[in-house]
Amino acid sequence: LTSARRPGNLALVHPPPVSTSVIRIRTGTSFIGGRAQFVEVVAVMKIKAISRVEEDYTRECKADMLKVHRNLDPALRPLHRAKEYKRALNAVKLDKTFAKPFLGALEGHTDGITSLAKSPTHLSVVLSGAADGEIRLWDMTSSRSLRILYGHAGAVRGLSVTYDGRRCISCGDDGTIRLWPMPRAALSEMFSSGGSVIPREHPKLVCDTKFGGALRDVDCHWGKETFATAGAAVEIWSEGRTEPAAQFSWGVDTVLSVRFNPVEPDVFASCGSDRSIALYDVRTQTPIRKLVMQNKSTKLSWNPMEAFNFTVANEDTNLYSFDMRKLTVATCIHKDFVSAVLDVDYSPTGREFVAGSYDRTVRIFDYNGGHSRDVYHLKRMQRVFCTRFSMDGTYVISGSDDMNVRVWKAEAGSQLGTLLPREKRAKQYRNALQERFKHMPEIKKIARHQHVPKAIHQAQKIRRTMEGAVRKKKANRVEHGAANAAVEEYMPARKERIVAEVE
């Protein structure tokens with residue numbers, strides 16, 4: 001640790017052989033009378049040096065045992081972060097490798113599926129309506145059709161089950177509203193070997209809309225024997241009467257969708273063909289607020305855990321989430337589809353929702369996520385007209401134009417069935433590791449990867465090119481435009497698609 005004593009060089013004195021050492025540093029040069037003189041400056045500091053006695057670590061003969069250093073404190077594990085990172089990486093790889101979201105198809109319809117409904121009181125009951133007017137009651141556990149509800153002369157556009165699960169209401173292109181008692185199937189029907197004729201049911205009550213024309217949607221109140229239909233206007237009906245109790249119309253030709261708020265059930269929202277989203281109050285029988293967008297919204301769904309928030313499916317390939325207290329700006333824009341979004345439905349937890357599109361895919365989004373968490377597709381699956389979450393949030397149901405009702409996992413890599421306590425703990429540990437290291441580049445890249453059909457991949461590339469051209473055009477306008485051109489061109493994306501708000 002020594003060096004030559006020359007001007008400008010360091011000279012280190014040998015430290016004493018103890019753990020705490022003192023080092024003196026001498027350096028310095030000065031010019032006196034034109035001659036270079038060496039000036040010695042001494043600085044003292046303490047350092048800690050590693051000192052070992054060689055005799056304690058050297059074996060005298062081969063029979064002696066080597067001294068092994070062990071860390072007896074379990075809280076101080078060497079390389080624990082590296083090990084857990086590797087485990088998280090393996091976990092996310094295995095989730096992607098063994099992900100099999102498709103569970104099965106409910107076959108039996110002879111035309112495209114146009115509407116779906118789930119029972120709020122029975123997890124295994126699903127209703128599907130087809131374009132030929134046929135409604136089928138399915139048991140998901142046995143994948144069997146238990147009943148056929150026969151009566152509509154045109155496509156069934158809306159299906160809804162009452163809050164107590166005893167009745168279902170349907171509407172369609174024939175302009176009629178039909179009330180059906182929910183049949184109870186025997187165990188012998190659910191677990192029979194097949195071959196028997198499926199019983200047919202007829203409606204208990206038939207009503208005609210007073211405005212004429214086709215009906216596009218129906219939804220039941222979450223606490224009363226009341227339901228709303230969407231057609232030329234929004235009509236409120238009581239289950240035992242053939243005349244509407246109230247009518248709502250706010251300058252729109254056709255109302256496409258209507259949904260009651262599950263948290264505040266006397267408030268409902270509707271989507272219209274004039275690109276509007278309107279809010280109504282049943283108690284005062286007056287409209288509350290109306291929002292006009294650049295493109296038409298097809299369906300609407302309320303968040304079941306947040307009274308003010310809802311999400312609409314739009315024809316511009318995006319979904320928009322809004323807070324009904326402030327409709328001038330969207331709370332989130334959900335992207336990834338390449339064609340019009342046709343349906344949306346929230347999970348009972350309110351943390352995610354499922355949407356189906358004209359581009360033949362089903363996507364699952366987090367309620368505040370800008371991009372989809374999972375995408376489901378099959379080679380033979382056609383345009384997806386309707387989607388639903390099961391009442392326990394475990395399954396996703398989709399109806400498409402190829403006459404099939406398909407059942408998917410809500411978590412593509414989840415293991416269904418009864419798990420042992422050890423398996424539950426291992427699953428929780430893997431999920432915790434993935435959550436902890438989700439920001440790491442390699443894990444994030446694997447988790448975000450989605451395999452899509454070639455046609456959708458090409459459409460996504462074209463959309464990115466078009467969006468880049470729009471951004472470049474805006475930049476040129478700002479560069480060569482007026483002083484306030486940036487304010488006009490660079491409007492926030494959450495406000496860009498909103499035209500006006502009417503009260």
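Which strands form an open sheet with antiparallel pairing, and in what order do they stand? The points below take up this question first, and then move on through the rest of the chain.

1. The model discussed here is a predicted one, and in it four strands form an open sheet whose order is E9-E10-E11-E13, with antiparallel pairing. At its edges stand strand E9 (156-161) and strand E13 (205-208), each of which pairs on one side only. From one strand to the next, the twist in this sheet averages 20 degrees.

2. To see one pairing of that sheet in detail, the reader may look at strand E11 (residues 176-181), which pairs with E13 in the antiparallel sense over four bridges. Within this pairing, Arg-178 has Val-206 of E13 as its bridge partner. As general background, the strands of a sheet pair through backbone hydrogen bonds, and they do so either parallel or antiparallel.

3. Another open sheet is built from four strands in the order E14-E15-E16-E17, and its pairing is antiparallel. Strand E14 (217-220) and strand E17 (246-248) each have a single partner strand, so one side of each is left without a neighbour in the sheet, and these two strands stand at the edges. Neighbouring strands of this sheet are turned against each other by 20 degrees on average, if direction is ignored.

4. The edge strand E14 is joined to strand E15 (residues 226-230) by four bridges, and the two strands run antiparallel. A pair of residues to find in the structure is Val-218 and its bridge partner in E15, Thr-229.

5. Strand E27 (residues 352-357) deserves a careful look, since it is mostly covered, with six of its six residues buried. Is one face of this strand covered, or are both? Both faces of E27 are covered, with Glu-352, Val-354 and Gly-356 buried on one side, and Phe-353, Ala-355 and Ser-357 buried on the other.

6. Strand E26 (residues 341-346) pairs with E27 in the antiparallel sense over five bridges, and in this pairing Val-341 has Ser-357 of E27 as its bridge partner. The two strands form a hairpin with five residues between them, and in the turn Gly-350 has a positive phi of about 75 degrees.

7. E27 also pairs with strand E28 (residues 362-366), again in the antiparallel sense and over five bridges. In this pairing Glu-352 stands opposite Asp-366 of E28. The hairpin of E27 and E28 has four residues between the strands, and here Arg-360 takes a positive phi near 75 degrees.

8. For the protein chain as a whole, the secondary structure comes to seven helices and 33 strands, and 42% of the 503 residues count as buried. Among contacts with a separation of 6 or more, 50% are accounted for by residues 24 or more positions apart. The chain exposes about 27,900 Å², of which carbon and sulfur atoms supply 53%.

9. A last point concerns confidence: the mean pLDDT of the protein chain is 86, and 88% of its residues reach 70 or more. Over residues 1-19, however, pLDDT stays under 50, although the model has 37 contacts beyond four places in sequence for this stretch. Where pLDDT is low, the predicted coordinates should not be read in detail.

Notes. Residues are numbered from 1 along each chain as its sequence is written. This is a predicted model: local features need pLDDT of at least 70, side-chain atom pairs count only at pLDDT 80 or more; totals for chains, interfaces and linings use all residues. Side-chain values use heavy atoms; hydrogens and water are left out. Two strands pair if DSSP finds at least two bridges between them. Axes are lines fitted to C-alpha atoms, for helices over the stretch in contact, and angles run from 0 to 180 degrees between N-to-C directions. Buried means under 20% relative accessible area, exposed over 50%, partly exposed in between (1.4 Å probe, protein chains only). pLDDT is the predictor's confidence in each residue, from 0 to 100. Contact means heavy atoms within 4.5 Å. Accessible areas come from the Shrake-Rupley method with a 1.4 Å probe; for residues, only the protein chains shown count as cover.
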